[in-house]
Amino acid sequence: MDFEQIIFEIIVHAGNARSDAFEALTSAKNGDFENAYRLLDNAKEELNAAHDIQNKLITEEANGKDMPVNLITIHAEDHLMNAILARDLIEEMISLYKNMLANKLE
């Protein structure tokens with residue numbers, strides 16, 4: 001697999017994670033917390049896959065392999081960081097929804 005294909009794998013996994021995280025938020029808004037947490041788990045798996053690829057590239061660079069820095073690489077890193085942030089924030093928002101619903105029912 002060439003370098004650009006590897007970078008696109010990061011983008012795909014990060015995009016899947018972000019999508020799953022936002023779907024989880026929608027499920028939580030609708031009171032379906034079981035599905036929300038399942039989707040958050042899926043998002044975490046996608047992020048782990050993207051992070052594994054990123055770590056392999058970092059390791060290769062640390063071992064002396066020349067890694068190109070181009071717009072697609074920067075885009076992939078940006079996409080990954082945004083997906084991580086989205087998942088983390090949405091996890092907190094889901095907890096808030098769950099607490100709000102529990103307080104309403106009391």
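I'll start with Leu 40, which is found in helix α2. This is a predicted model, so keep that in mind throughout. Leu 40 counts as buried because its relative accessibility is 1%, and the cut-off for buried is under 20%. Setting aside residues up to four places away in sequence, Leu 40 touches Ala 24, Arg 87, Ile 90, Glu 91 and Ile 94. For a distance to go with that, the C-alpha atoms of Leu 40 and Asn 82 are separated by 15 Å, and the two residues are 42 apart along the chain.

Two of those contacts come back now. Glu 91 forms a salt bridge with Arg 87, and the closest N and O atoms are 3.1 Å apart. Both residues lie in helix α3, four residues apart, about one turn of the helix. As a general point, an α-helix has 3.6 residues a turn, so residues three or four places apart point the same way. How exposed or buried is each partner? Arg 87 is buried, with a relative accessible area of 8%, while Glu 91 counts as partly exposed at 31% relative accessibility.

The structure holds two salt bridges. The other pair is Glu 60 with Lys 65, where the closest N and O atoms are 3.2 Å apart. Glu 60 counts as partly exposed, at 33% relative accessibility, and Lys 65 is also partly exposed, at 48%. In general, side chains of opposite charge can pair when their charged atoms come close.

Now α2 itself. Its 30 residues should span 44 Å at 1.5 Å a residue, and its end C-alpha atoms are 42 Å apart, so the two figures agree. The buried residues of α2 are Phe 33, Ala 36, Leu 39, Leu 40, Ala 43, Glu 46, Leu 47, Ala 50, Ile 53, Gln 54 and Leu 57. Note that Glu 46 and Gln 54 are on that list. After α2 comes Gly 64, whose phi is positive, near 105°.

Ala 49 is also found in α2. Ala 49 counts as partly exposed because its relative accessibility is 23%, and buried would need under 20%. The C-alpha atoms of Ala 49 and Ala 17 are separated by 9.9 Å, with their positions 32 residues apart along the chain.

Next, α1. The same check applies: the 27 residues of α1 should span 39 Å at 1.5 Å a residue, and the end C-alpha atoms are 40 Å apart, which agrees. α1 is followed by Gly 31, whose phi is positive, near 80°.

His 13 is found in α1, which covers residues 3-29. At 18% relative accessibility, His 13 counts as buried, because the cut-off is under 20%. What does His 13 contact, leaving aside neighbours within four places in sequence? The partners are Glu 46, Ala 49, Ala 50 and Ile 53. Of these, Glu 46, Ala 50 and Ile 53 are among the buried residues of α2, whereas Ala 49 is partly exposed.

On to the cores. In soluble globular proteins, nonpolar side chains tend to be buried together. Here the largest nonpolar core has 15 residues, and Ile 7, Ile 10, Leu 57 and Leu 80 touch the most other members. α1, α2 and α3 each supply at least two residues of this core. The largest share, six residues, comes from α1. Ile 10 is a useful one to click on: beyond neighbours within four places in sequence, Ile 10 is in contact with Ala 50, Ile 53, Gln 54, Leu 57, Ala 76 and Leu 80. There is also a second, separate core of eleven residues, including Ala 21, Ala 24, Phe 33 and Leu 39.

Last, the start of α3. Ile 72 is found in this helix, which runs over residues 71-105. Leaving aside neighbours within four places in sequence, Ile 72 is in contact with Ile 7, Phe 8 and Ile 11. Ile 72 and Glu 4 are 7.7 Å apart C-alpha to C-alpha, though 68 residues apart in sequence.

On the surface, Val 69, Leu 71 and Ile 74 form a nonpolar patch, with about 350 Å² of accessible area together. Val 69 is found in the loop between α2 and α3. Its relative accessible area is 67%, so Val 69 is exposed. That is where I'll stop.

Key. Residues numbered from 1 in each chain as written. Predicted model: local features only at pLDDT ≥ 70, side-chain atom pairs only at ≥ 80, totals over all residues. Heavy atoms only, no water. Contact = heavy atoms within 4.5 Å. Patch = residues over 30% accessible without salt bridge, like charges linked within 9 Å, V, L, I, M, F, W, Y side chains within 5 Å. Areas by Shrake-Rupley, 256 points an atom, 1.4 Å probe, with all protein chains shown as cover. Salt bridge = Lys/Arg side-chain N within 4 Å of Asp/Glu carboxyl O. Buried < 20%, exposed > 50% of the residue type's maximum accessible area, 1.4 Å probe, protein only. Core = buried A, V, L, I, M, F, W, Y, C linked by side-chain atoms within 4.5 Å. Expected span 1.5 Å × (residues − 1).
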